[in-house]
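Visitor: I am new to this structure. Please take me through a single part of it, slowly enough that I can follow along.

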Amino acid sequence: MSGRDLFCPPRRFRRGAALTLVFAGVLVTGAATGSFPEPDATVSARKAVAGPSPTAGGHEDVQRAAAEAMADGKSPMEAAERAVSRSGDRWGAVYSQDEYQEFQEALDGRYTGVGLWARRERDGRIEVTRVQPGSPAADAGIRKGDRLLSVDGSKVDGRPVTEVVSLLRGDADDAAAGTPVTLGLQRGTRAWTETLHRASLSTDSVTVRRLPGGVTVIGIVAFTKGSSGAVRAALRQAPADDGIVLDLRGNSGGLVTEAVGTASAFLDGGLVATYDVKGAQRSLHAAPGGDTGRPLVTLVDGGTMSAAEMLTGALQDRGRAVVIGSRTFGKGSIQMPTRLPDGSVAELTVGHYRTPSGHAVDGRGITPDLEAGPEALSRAETVLTGLGDPS
């Protein structure tokens, strides 16, 4: 599993789950906002396994509890948390107003951190996999392949990447841009410490590189605002005879409008997914005119979640891509946010989504066409060769 000091839930709601990302933009109305101006206008999906469904009146119960607490001079947020716990919704959560705003800024492509990507190796070591150009980490000379030993004195070996991300971001202290964080690092036999200052950074969730042999690799780590446009631009710039590898490994989800927009880049219209909200059935469709000629391989793993699974399922079910890797995480439940009297936001599960063929993702994930581990990219190159010249 890999991660970045970007998508990490506020400390209050980590509860052993890894990442919390919006399945939004707006599903109910079909408009893309990237924010939640109206509680009933946006649907979100949380990284989770299948769990109990909430009670039918879950949102009403939470709102009532918060309103009564406020009237009694007590904390509406704490009352809402208790009501969410009683609702039977294992993946319900409550955010303060500031935490929710931070969450939205991340999806808008902004975050506070040091600009590191990291992954946990099989032996538990935490390794830097990428350094964002122009970030505090880059300015300090930290490189891909460096080992991260500690954050502010806390050893990180063996810890989930999301906990490491939380330490880098300073979630426990609500750390803002400009606050210091001291990293313990190792490169070969050299070990040292580096004190960085967190900064407000812009994300670059889409990366593009070209491999020898006519293969363009488009990597998407999360669907933030503008991701689908970046994918379309990458397709336009790729040589006409290149095969495409869409790398969704470690993609933790994000804005569903961006995932649908990415599907539209590879499909000529048609169904992307169906979903239900409180029993009402709805569907998502790709726009017409996508590139359907190039051979396409999609790479996935156990860190491929939520909107990334939705995109994978659409490309696989529609016969557009060969999916290579390992079974995806299995996040297919939908949460809807509700604003509370003090400005905090409660989320409760309201439905689930399915792939075009009707496959339920929640708790099951998506099985790749070809199983592969670290060699997934080389397998993809071989498959693209077999798929032949699209012309």
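Guide: Start with a term: two strands pair if DSSP finds at least two bridges between them. Keep in mind, too, that this is a predicted model.

Our part is strand 21, which covers residues 345-354. Is it enclosed or not? Of its 10 residues, 8 are buried, so the strand is largely enclosed by the rest of the structure. Buried here means under 20% relative accessible area.

Now look at its partners. Take strand 20, residues 333-339. It pairs with strand 21 in the antiparallel sense, over 7 bridges. The two form a hairpin, with 5 residues between them. Find G343 in that turn: its phi is positive, at about 95°. Then step onto the strands themselves. T338 stands opposite A346 of strand 21.

Stay at A346. V94 also stands opposite this residue. V94 brings in strand 4, residues 93-95. Strand 4 is joined to strand 21 by 3 bridges, and the two run antiparallel.

Next comes strand 16, residues 270-277. It pairs with strand 21 over 2 bridges, again in the antiparallel sense. Here the facing residues are T274 and, in strand 21, R354.

Go back to T338 for a moment. Its C-alpha atom is separated by 9.3 Å from that of E60, although their positions lie 278 residues apart along the chain. E60 sits in helix 1, residues 58-71. Is E60 buried or exposed? With a relative accessible area of 39%, E60 is partly exposed.

Strand 16 offers another link. V272, within residues 270-277, is among the residues with the most contacts inside the largest nonpolar core. That core has 38 residues. I218, F223, L246, F266, M310 and L315 are also on the list of those with the most contacts. In soluble globular proteins, nonpolar side chains tend to be buried together.

Pick out L246. Beyond its neighbours within four places in sequence, L246 is in contact with residues including I218, F266, L296, L311 and L315. Apart from this core lies another, of 18 residues. V181, L183, L185 and L196 are among its members.

One last check: how confident is the model? Mean pLDDT for the protein chain is 82, and 84% of its residues reach 70 or more. Over residues 1-56, though, pLDDT stays under 50. The model still has 216 contacts beyond four places in sequence for that stretch. Where pLDDT is low, the predicted coordinates should not be read in detail.

Technical notes. Residues are numbered from 1 along each chain as its sequence is written. This is a predicted model: local features need pLDDT of at least 70, side-chain atom pairs count only at pLDDT 80 or more; totals for chains, interfaces and linings use all residues. Side-chain values use heavy atoms; hydrogens and water are left out. Buried means under 20% relative accessible area, exposed over 50%, partly exposed in between (1.4 Å probe, protein chains only). Helices (H or I, at least four residues) and strands (E, at least two) are DSSP runs, numbered from the N terminus. A nonpolar core is a set of buried Ala, Val, Leu, Ile, Met, Phe, Trp, Tyr and Cys residues joined through side-chain atoms within 4.5 Å. Contact means heavy atoms within 4.5 Å. pLDDT is the predictor's confidence in each residue, from 0 to 100.
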